[in-house]
Amino acid sequence: MSSGPIQNTSLVPGGVIGDGRYRLLARSGVDRRCDAHLWRARDGQLNRDVALTVLVGNPADHAAAARAKRTAERAMHASSFTHPGVARVIDVLTPGAGIRLDEGILAVIVAEWTQGTDLLDLVAEGPLPAGSATRLLEPLGAAIEGAHHAGLVLGADHPQRIRVTSDGRLRLAFPGPRPDAIARDDVKGLGAILYLLLTGKWALPNGPEGVPVAPTGPDGSVLAPSALRPYVPHELSSVAVRSLEDTSVGGIRTSAAILQVLDQIARSEAQTALIEPVPDAADDGAVWTTQRPVRDKEHKRKLMISVAVLAVATLAVVVWLGVQIVNFFSDEPSGGGGPTVVIGQSTAPGQSGQPAPPAPQPAGPVQPASIGVYDVTNQPDNANRASRAADGNPTTVWQTENYFEPFPALKPGVGLMASFAEPVKLSSVTITSPSEGTVVEIRVAGAPNAPLEETKVIATATLSAGQTQIQVADHEPTQHLLVWITKLGGSGKNNRSEIAELVYTRAQ
């Protein structure tokens, strides 16, 4: 009997595996080191999404079958370990005990689905600042440290096994350590993920396709992140490369050592955030020196700067009052506006009948105080990217997941809920989107988490590629406005919509 690979025709979107229980929705990646296919799937019995680590191979290959069995056993053993940085293992499927696996599947590890986005999607637009990288990585590092204390290995050494949660934490979403993985591999994986966040490059062998490989020096060692991006803190750059080294001298061999540096960087970032930035000013001839300055001259210089700042502030107030007086007595609008105006820029005078102090709010674009993904199934799509739809930058987008069946097969819809600082009455919503054919409803809501049936439709539109201005019906002022997608762009098994920018225009 041949021991070569068997092609499994079930591992495609829409395929069903595990005795017909799990329908595959989207593949998150492949860990080719152990032939593990990582999938988001739907549990037909419990009606919920799950993460599947599907180990494939030829059952006649006894070595491959033994490796898959060992991985499944280690995953089951780790199911007793609970931590926010690791997805909980729900079940492990192996041949026998009345379970029938599809041809070419050696084992399946079922874990709870992690809402958020893929790690590789996070770094696709470029490396992250040091502070953001440390905040993301700390929960995963804490999970690894806790697991090692419990005598467990997690297998957090492949970027496609990691997802970013909706609240900004890295999480091992596809558990199942390789049969020969040891605790040292988790530490090296943590360092490689830190390296990826800081540089956008992967520093371990057999990484995912399409991800740039970390460059190496003449001696074959990985170049430090600070050599590629000079503003990366030296301590953070050092811990990334030292955790990858297998040498006993200078190498970092425990996750506790990495966590210590991450904590130091996080505290340093927090202290820096408390320091107010110094405004740019003309060169006053001062020279930084290690000598103590003459107190009288320094006091005089600070006093002159303070007086100058006060004068500028006073002038700004006078100019603002003048503009308000002119607008009050003028019959003509102070400016025009359209759907392409940058969010937050006033384009028309306010109405004197508005009661909001200290002056009426002008017509024109109004910036929401916050925006988030609204989802009635509690499975929001790319929640950490919602702010891109109202950041004034049409080159950044929020997008839905890719659905292999159109709405309402898996959910009735998905949307973006904007919350304003005060109640507003809108005249239109302009949506910039490349997803032609997307159908949206504009709804007012009493609260950001109000049930869908308690929201009120004030407009419906089908988006064109580019900008679509939607005039809304007359409505009472509201603090919460929902752009609800009822039909996605695309067709067949590729149903997805993108929103590049939302502009909310206040009514006259």
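Reader: What makes strand β18 largely enclosed by the rest of the structure?

Author: Seven of the 10 residues of strand β18 (residues 478-487) are buried, so the strand is largely enclosed by the rest of the structure. Buried means under 20% relative accessible area, exposed over 50% and partly exposed in between, with a 1.4 Å probe and protein chains only. The model is predicted: local features need pLDDT of at least 70, side-chain atom pairs count only at pLDDT 80 or more, and totals for chains, interfaces and linings use all residues. Residues are numbered from 1 along each chain as its sequence is written, and side-chain values use heavy atoms, with hydrogens and water left out.

Reader: How do you know that β13 and β18 pair?

Author: Two strands pair if DSSP finds at least two bridges between them. Strand β13 (residues 414-424) and β18 have seven bridges in the antiparallel sense, therefore they meet the definition of a pair. Val414 stands opposite Ile485 in β18. Strand β15 (residues 439-445) is also joined to β18, antiparallel, by seven bridges, and Ile442 stands opposite Val483.

Reader: Why is α4 called a helix, and what is its span?

Author: Helices are DSSP runs of H or I with at least four residues, and strands are runs of E with at least two, numbered from the N terminus. Helix α4 (residues 183-199) has 17 residues, so it satisfies that minimum. From first C-alpha to last it reaches 25 Å, close to the 24 Å expected at 1.5 Å a residue; the expected span is 1.5 Å times one less than the number of residues. Of its 17 residues, 16 are buried.
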